[in-house]
Amino acid sequence: METILLLVAAEEDGGLGKPALEAATAARELAARLEGAKLLAGIFGAQAGRAGAALAGAGFGEALLVEHESLARARFATDAAACQALVAASGASLVLAPATSRLQRVLAAVSARCRGAVDTHATALGAESGAVHATRWFYRQRMVGRVSRERRPWFLSLEPGVFAPHAASGDLVSRPVPAPLPESRTRVEGLRSPSSGAQTIRPDAPLLFVAGAGWCKKQADGLAHVSEAERLILGFLGKSGASLGGSKSVVDQKGEGGALSFLTHLNQVGQTGSTPRHAKGLATCCHGEEPHTVGWRFVSGRRAVNLDANCGWAQGKADVLYVADAFKVMARVNELLAG
Amino acid sequence: MTPSQPEFQRPSMRADVVCVGFGPATAGFLMTLTQGLAGADGAPALESRVMPGAPPQVLCYERADDLGYGVSGVVTRGRGLKESFPGLDFGSLPLYSEVAEEQVLYLLDPLGASRRPALVRAADRLLKSLPFLARDHAFRLPYVPSFLHKKGGFTFSLGQFNQWVGGLLMSTGLAQVWPASPVAGALIENGRVEGVRLADQGVDARGNLEPGYLPGMDVRAALTVVGDGPVGQVGRQLDRHFGLPKGAQRHEWAVGMKAVVELSPDCPLKPGTVIHTLGYPEPEIFGFLYVYPNRLASAGIFVPSWFDNPGRTAYRYLQHWMQHPALWRHLRGSEMKSWGAKSLLESGIRGEPFLVGDGWARVGENSGSTNVLTGSGVDEAWTTGVQLGRAVVELWRRGLPFDRENLEKAYVRRRRSSWVEREGRAGRKARDGFQKGFVQGMLGMALTGFSKGLLGWPGRPLQPHQRVPTLEKYAAGRLDAAQAAELRRQSQAGGRGVHDGLMDAAGWPRPTLDGRLLVSHQDALLKGGKVRASGRYADHVVILKPELCADCGEKVCVDMCSGQALTPGADGVPVFDREKCVHCGACLWNCAKVAEPATGQTNLDFRAGAGGLHSAEN
Amino acid sequence: MPVFHVVVCGGLVPDPLQTLEPVQGPAGWGLKNESMLPAILDPWAASALFEADSLARANPGSRVWLVSAAPKAKLQQVLMALAQKAAFELVAVDAQAGGFSDAAECASALAAAVNSIAGLDRSRLLLFGGWESASRGAGATLAILGEMLGISEQFQGVDQASPKPDGSLEILERVEGGRHQVSLLSAPPALLGWATGSLPEPPNNPQVGMLNMRSAMPALQKAAPSRLTGGGLALSSVELPSQRRDTRVVKDMPEDQVAREIVEWIAEK
Ligand SMILES: Cc1cc2nc3c(=O)[nH]c(=O)nc-3n(C[C@H](O)[C@H](O)[C@H](O)COP(=O)(O)OP(=O)(O)OC[C@H]3O[C@@H](n4cnc5c(N)ncnc54)[C@H](O)[C@@H]3O)c2cc1C
Ligand SMILES: Cc1cc2nc3c(=O)[nH]c(=O)nc-3n(C[C@H](O)[C@H](O)[C@H](O)COP(=O)(O)OP(=O)(O)OC[C@H]3O[C@@H](n4cnc5c(N)ncnc54)[C@H](O)[C@@H]3O)c2cc1C
Ligand code: SF4
Ligand code: SF4
């Protein structure tokens, strides 16, 4: 019989982030498929107590809490100790956590401390005759496999954006758990936004706009039009609220034709970049090569604008490929959005 | 060489032996040398000449990103290879298969689009009228001529083999083989080769200094071994500097383009099947299909320099060749796993340069070892490497300097008395007839083959640029002047070659892409050829005199470019995109204009650069 | 000037440009033609190595080790491409570690290797690696290794680590929303799982290569074999996604109409 612990971190304001609420749904659904499973929540943070309310109505027996000032911000040493205490107190056999940067940072180490096993970035959970399995991707989203383990506790982190977020109703009893938090040689100073302002991949945006290296390449007139490209892209992002991604080639670009000034490696989508989740994605001036498109695995609606009718997008990688000049198309799109 | 940059702190290093390029030739050399340098316990038995007391310093620099660079087939009789690895179970080599069946197919033209001389057309008609002779529009030669057959031979993957030998060499600790290290040139001082200079890094496409500039290192060595293949820049530098022996010429070339394909599960071809084709898509184009184990096969064509067509695209012809009924029968349903292209120096022994000099020696195709009659180059290259390896060990042991005289005695003599030389000589006249035409060529090849080299069809090899016609001339009869001009305009505006227009006009249907075997040219670059480029080096394809391009009516460079890396540019000067370049070197010999009449250097120089193909299965 | 002892852990992965296909063999799941696929150092581990090299060069007296668990022959191939780019001492573990291996099991093989390094000063230790591999993509191996080595300060998704004269380091970790969390680590030991970092790929330096190889070849030769048995990870299936879409290729449509279609599509819920 499994005891499932949902491990989440409270936000600074005492709420729970969307990935945590999604994980709550996953935990509830899994518990429902396992006869006699016990479901608990474990919350840590400076305001852990307040966060429990967000999980009410999901079938959790109780919420275990580690609340301490030093947990206000993510930091390995203190977070790991808090998580370890929660897992120990829960007696969990399965530990589920959202694959946020904060929990991903500590989960594997905590699994080692608890002499458990760990698998991360699960995109589905299931159970057959009492045996739990998880689905996860290998080789950077190139292939998908189903994993299971005998060893307990089994720690699993869940990819954000897969499950519906839980909507709270009612109350959830909570119980503080003592956790000896260690001294740390790390002082968290705060968050730094990239100098490019908001031009990054934002998971909450419904649309991902991907710029490829074609924006910086010589066009039919034999010249590169980089500042024109910048104007069009920024114009579009401003009007559409889309999140901005790029191909490796475009974020690596330097020299000759010039580079798009607001792109950094944080924008890179693909094998050595990120695998964002958006309902839709629009690729422009991007060839759609495999190392790039593996990063689109979780983008459902895909369209591309490319001059090359044989580019990768045409090979079953996009729903629609417009064989057209992205400069002209995006200029017109911006006009339409403005008007 | 003329250093393009001011000399700021160019690093320098000393070695006993430095090799340029890691192909079968230098691999054979290094295997033999390291075996000779090692004592019974594997530890070095000889000491370094440049650093007495230290173990020998043997270095090899290969421009490609890994040692598995190899586009070749390969089917080979492997005599030299087998001799070098007496105890080895060759069956353990990747894609190894013994030759089980050989066929030579003469392909008829089912589409009526190819340009066949009257004699060929008459022969075709005859064959077609005898349906029991021709099946699937192909006539199978009743037997494989003795000079072509590979009986007792085997197929394997050259890329995998190179990688394997590279590993063996490194693990001896007696040689170091470095990939991603283009050699910019030989250091020639007072008539002696003193070593090599590696290419500068941290420069822009034109060679201008950028932040992070790292001058290429000078590697000074007692012996420089040049095995840089058919289009190697160092070999050509030596030719320019020392000239060619009297009567030698390097005018005949071909670009080989091939794919490794996974055959469909119901393809009945057995591993070890070797098919040679001739006659189609154009009579000048030869093809091959070698079947490996695991349903893999190597399929490709050669487009020669004597195919007088300014739109001689290898890629599109490859697609038509694959779709010939006699091949499509086998290839239908298969998938392209990898793809590549490489030049072949078809002058063979005719193109033999000076093999040795003070401080240097040459091995492999670059030294004229490839046998054009038997279509074999790997084992020959390997064997010349072995011969040099033995020579160097001998000189090293005897404490003799690596000068021209000693190398002549120890290496050239070995080479002269070997099968490589004997068979090379026999094949010397084999291809002369092709200079006159396909029919004469075939007859000449047969004459040479059967007479063991005594006879041949006379023909004086011309440099490719001396014979390639302009678009207008080639298309005469199919396109009028206005149509040709329009084709040129479209090519310029669309940034592509003229071959599609030419082939459309001749009645070649545009291949319908199936996304598996028939893929776009650019997709082939990605499929498995995996072309990549490093931004740290200067462009390796350089147009020497742009003004010559402006007046160039042939523009062969654009159409034949194996990677579509050369496209029409403003003012008629082609633009080079290194990210698409597969380093086949075909642009070098296809260029239709000469920049340096004295040396025959065409207007397009092909230098050593990093990157290019990066393929697993070639 | 601080002195660091940087241990970089990095596995090998197939070149991303290759086509990959899972196959089940007697020893469990693997990749089709795995031994023939060209390999590279895991890209994020490569960033870690280049960062380590740059850190060591800026702080004389520092040392860099590269610990890698991979099949010997593959490792040797990759070294030839890598050894000219950064100076390091190789610690090799001869093991078939791929995407379907268990992270904890790999971590114990690596821990044994790190523990065997003579001359490693734990008080100066910076344990580097990629934050996730391009094979398992779990982000677990390094963290578990850190735990096994008793390293209490861990950072993941690191893009920058700037040492201060007093030996402390400012570390930037990737967090959500394209932002970085900034931390000040007062002193080693610590673990840093690198993302892309901030350095371009270094040029090939033949002299660095020669030096590296002198120590790397013997290290390869005496690489301890380590058999990974799966660590209790059961994979009931691995498959390629059937991701091929029926692409509608729209040619010759005026830009205006393309733009209208796109705008409509964006507006669709
Ligand atoms: C180790 C490794 C890891 C990698 N990881 C990644 C990764 O994580 N992410 C990634 O993206 N790539 C990755 N790649 C690189 C990948 O293989 C491709 O090189 C890259 O994705 C190409 O980027 P691109 O399509 O923007 O550029 P290009 O291939 O240069 O394509 C430019 C495109 O723009 C089009 N174009 C030009 N002008 C116009 C116009 N006016 N209108 C419309 N279209 C136009 C062209 O037709 C062309 O298709 C990796 C490669 C390696 C070797
Ligand atoms: C499509 C095709 C099919 C073939 N099929 C067969 C066959 O079936 N059987 C057969 O026996 N032969 C075949 N050949 C011929 C065979 O491939 C060659 O003869 C053989 O590879 C020559 O070996 P090599 O070592 O002399 O040169 P190469 O194999 O060309 O090696 C030279 C190496 O030097 C490197 N290099 C060049 N310049 C520099 C520089 N400046 N710095 C550093 N490195 C440099 C190159 O990258 C290359 O790796 C085929 C050739 C082609 C093109
Ligand atoms: S490079 Fe040679 S073939 Fe090409 S345009 Fe110039 S002169 Fe003509
Ligand atoms: S540009 Fe590159 S790919 Fe094109 S012909 Fe020249 S070497 Fe070959």
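## Ligand sites and chain features in a predicted model

A nitrogen atom of ligand 2 is placed 3.0 Å from a polar backbone atom of Arg63(B); a polar contact is a pair of N or O atoms within 3.5 Å, and within protein one must be able to donate a hydrogen and the other to accept it, with residues adjacent in sequence counting only if both atoms are side-chain atoms. The model is predicted, so local features need pLDDT of at least 70 and side-chain atom pairs count only at pLDDT 80 or more, whereas totals for chains, interfaces and linings use all residues. Residues are numbered from 1 along each chain as its sequence is written, chains are lettered from A and ligands numbered from 1 in the order in which they are written, and side-chain values use heavy atoms, with hydrogens and water left out.

**Ligand 2**

An oxygen atom of ligand 2 lies 2.4 Å from a side-chain N or O atom of Glu365(B). A backbone N or O atom of Ala25(B) is 2.9 Å from an oxygen atom of ligand 2. On its own, ligand 2 exposes 990 Å², and the protein buries 96% of that (Shrake-Rupley accessible area, 1.4 Å probe; for residues, only the protein chains shown count as cover). Two or more residues of the surrounding shell come from each of α1 (24-37), β17 (286-291), β19 (335-345) and α8 (378-398) of chain B. Helices (H or I, at least four residues) and strands (E, at least two) are DSSP runs numbered from the N terminus.

**Ligand 1**

The site of ligand 1 is shared between chains, because residues from chains A and C surround this ligand. Its polar partners include the side chain of Ser247(A), with an N or O atom 2.5 Å from a ligand oxygen, and His287(A), with a backbone N or O atom 2.6 Å from an oxygen of ligand 1. A backbone N or O atom of Ala326(A) lies 2.8 Å from a nitrogen atom of ligand 1. The protein covers 86% of the 990 Å² of accessible area that ligand 1 has on its own. In chain A, α6 (248-252), α7 (290-293), β15 (299-306) and α8 (326-338) each supply at least two shell residues.

**Shell composition**

A residue is near a ligand if one of its heavy atoms lies within 4 Å of it. Ala, Val, Leu, Ile, Met, Phe, Trp, Tyr, Cys and Pro count as nonpolar, Asp, Glu, Lys and Arg as charged, and the others, Gly among them, as polar.

| Shell | Nonpolar | Polar | Charged |
|---|---|---|---|
| Ligand 1 | twelve residues | 13 residues | five residues |
| Ligand 2 | 18 residues | twelve residues | five residues |
| Ligand 4 | ten residues | four residues | no residues |

Around ligand 4 there are 14 residues, the closest being Cys561(B), Cys581(B), Cys584(B), Gly585(B) and Cys587(B).

**Chain B**

The domain assignment, automatic or from a database, divides chain B into domain 1 (13-76 + 159-247 + 350-426), domain 2 (432-460) and domain 3 (496-615). Over C-alpha atoms, the centres of domains 1 and 2 of chain B are 33 Å apart. In helix α5 (residues 233-242) of chain B, seven of the ten residues are buried (under 20% relative accessible area, with exposed over 50% and partly exposed in between; 1.4 Å probe, protein chains only). Gly243(B), which follows α5(B), has a positive phi near 75°.

**Chain C**

Chain C has six helices and 15 strands, and 62% of its 269 residues count as buried. Its C-alpha atoms fill a box of roughly 65 × 50 × 40 Å along the principal axes.
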